[in-house]
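Here is a short report on one protein chain. Keep the sequence and the 3D view open while reading.

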Amino acid sequence: MPLHNGSIKVREFIIGGFETTKRPLVVGVVILITYVLAILANIVNIVFIIYDRRLHKPMYLLICNLAVVDILYTSSACPTMIGVLLAGVNTISYVPCIIQMFVFHLGGVMEMLALAVMAFDRLIAIGYPFQYHSYLTNVRTLVLTYVLWIVACGFVAVMPATVLPLPHCSSKLKYSYCDYAAIIRTTCVDPNYYFNMITIIAFFLLFFTFILICLSYFWIIVFVKLSSKNDKRKMGSTCLSHFIVVTCYYCPVFIRTVLTRFVVLTFETRIGLMIGSILGPPLVNPFVYCLRTKEITYKIFKIIRKVEASQVSADGRGDLPEHEAPSTPAARSAQIDWLL
């Protein structure tokens, strides 16, 4: 592609998304705290699943994959935003910016694919409970996960492939991190063609995964109606965690992607939606699955009881009183069921 007369050699980009922010320190601290909590919570989920052999099951492997995706997704943009708001570092080199764009959109695509596969997993678990472990083995789940990552990389590779050959007429990014829309706006070409191309891909992925999730829940509801009351309660509890996670991710994405086509939002509102869609799901997902999954919750309370017992022993008070800890496995299970 021939260079335009006004093109420049960009060695670094200037991040301009927070120039109108009234209290950058407050916003930066909030983002930092939320980011740290999200990373720690997802790491805890991953560690529990990896080190507990009883959790080496398809559902927990998918939860572990979702935690990895959440860490990748939120870490692709948050450090840059924190650096701008708290340290005043509002520049990023060209190559790291392109890498950040690729990783950020890879996390977004993988989030949709991971949630769609998890919905399919719940459909098989509820619709075909006796064949579940023969249909979805650990090996098949891992292979499916690898395939999803390869497919996601294939879709996202279109972005750097179209950006890299383009000449740049500006080095200032409109938004608060490196994403495709912000980088395309710095080029010397008409961005509409590139926006339309990526919009088609984004809409296909968004609606394909969302329709797949809706169809899975439709068949789950059909199976639930044919089940007993006790089974209905168990099925509802099983799907509630996934439904919460799907809602937290798709709501801001639909608002930002679909609603903005018909409603004009202010620049600050757009930035807020972007930050919310980046930080919200990675923070909510691990807490939802920790609190709604009996095995992980039991593991957490077991560790807490061990820590409390060691503190009491260190204080010289001996063992915990009998009434402070359940005396039988059935009592412990009943306590966890009540907490869930």
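The report goes from the overall make-up to the sheet, the core, single sites, charge pairs and the surface.

## Basis and overall make-up

This is a predicted model, in which local features need pLDDT of at least 70 and side-chain atom pairs count only at pLDDT 80 or more, while totals for chains, interfaces and linings use all residues. Residues are numbered from 1 along each chain as its sequence is written, and side-chain values use heavy atoms, with hydrogens and water left out.

The protein chain holds 12 helices and 3 strands. Both are DSSP runs numbered from the N terminus: helices are H or I with at least four residues, strands are E with at least two. The chain has 340 residues, and 43% of them are buried. Buried means under 20% relative accessible area, exposed means over 50%, and partly exposed lies in between (1.4 Å probe, protein chains only).

Contacts here are heavy atoms within 4.5 Å. Take the contacts between residues at least 6 apart in sequence: 80% of them join residues at least 24 apart.

## The sheet

Strands of a sheet pair through backbone hydrogen bonds, either parallel or antiparallel. Here, 3 strands make an open sheet with mixed pairing, in the order β2-β1-β3. The edge strands, β2 (91-93) and β3 (172-173), each pair on one side only. Two strands count as paired if DSSP finds at least two bridges between them.

Strand β1 (residues 12-15) runs antiparallel to β2, over 3 bridges. Phe-13 has Ile-92 of β2 as its bridge partner, and Glu-12 stands opposite Ser-93 in β2. With β3, strand β1 pairs in the parallel sense over 2 bridges; there Ile-14 stands opposite Lys-172.

Side chains alternate along β1. Phe-13 and Ile-15 point to one face and are buried, whereas Glu-12 and Ile-14 point to the other and are not.

## The nonpolar core

In soluble globular proteins, nonpolar side chains tend to be buried together. The largest nonpolar core in this model has 86 residues; Tyr-180, Ile-183 and Tyr-250 touch the most other members. Helix α3 (residues 94-127) gives the most to this core, with 18 residues. Such a core is a set of buried Ala, Val, Leu, Ile, Met, Phe, Trp, Tyr and Cys residues joined through side-chain atoms within 4.5 Å.

Look at Tyr-180. Beyond its neighbours within four places in sequence, Tyr-180 is in contact with Met-101, His-105, Met-159, Thr-162, Val-163, Tyr-194, Met-197 and Ile-198.

## Two buried sites

Cys-78 sits in helix α2 (residues 58-87). Its relative accessible area is 0%, so Cys-78 counts as buried. Leaving out residues up to four places away, Cys-78 touches Ile-31, Tyr-35, Ile-278 and Leu-279. The C-alpha atoms of Cys-78 and Ser-176 are separated by 9.4 Å, with their positions 98 residues apart along the chain.

Thr-186 lies in the loop between α7 (180-184) and α8 (192-225). Thr-186 is buried because its relative accessibility is 1%. Not counting neighbours within four places in sequence, the contacts of Thr-186 are Phe-13, His-168, Cys-169, Ser-170, Lys-172 and Leu-173.

## Salt bridges

Side chains of opposite charge can pair when their charged atoms come close. How many salt bridges does a search of the whole structure find? There are 2. The criterion is a side-chain nitrogen of Lys or Arg within 4 Å of a carboxyl oxygen of Asp or Glu.

One joins Arg-54 and Asp-52, with the closest N and O atoms 3.2 Å apart. Arg-54 is exposed at 52% relative accessibility, while Asp-52 is buried at 6%. Arg-122 and Asp-121 also form a salt bridge, at 2.8 Å from N to O. Both Arg-122 and Asp-121 are buried.

## The surface

The protein chain exposes about 18,000 Å², and carbon and sulfur atoms supply 68% of it. Accessible areas come from the Shrake-Rupley method with a 1.4 Å probe; for residues, only the protein chains shown count as cover.

A nonpolar surface patch consists of Leu-25, Val-29, Leu-32, Ile-33, Val-36, Leu-37, Leu-40 and Leu-86, with about 650 Å² of accessible area together. Patches are made of residues with over 30% relative accessible area and no salt bridge; like charges are joined within 9 Å, and nonpolar side chains (Val, Leu, Ile, Met, Phe, Trp, Tyr) within 5 Å. Helix α1 (residues 24-51) gives the most to the nonpolar patch, with 7 residues. Leu-40 lies in helix α1, and Leu-40 is partly exposed at 48% relative accessibility.
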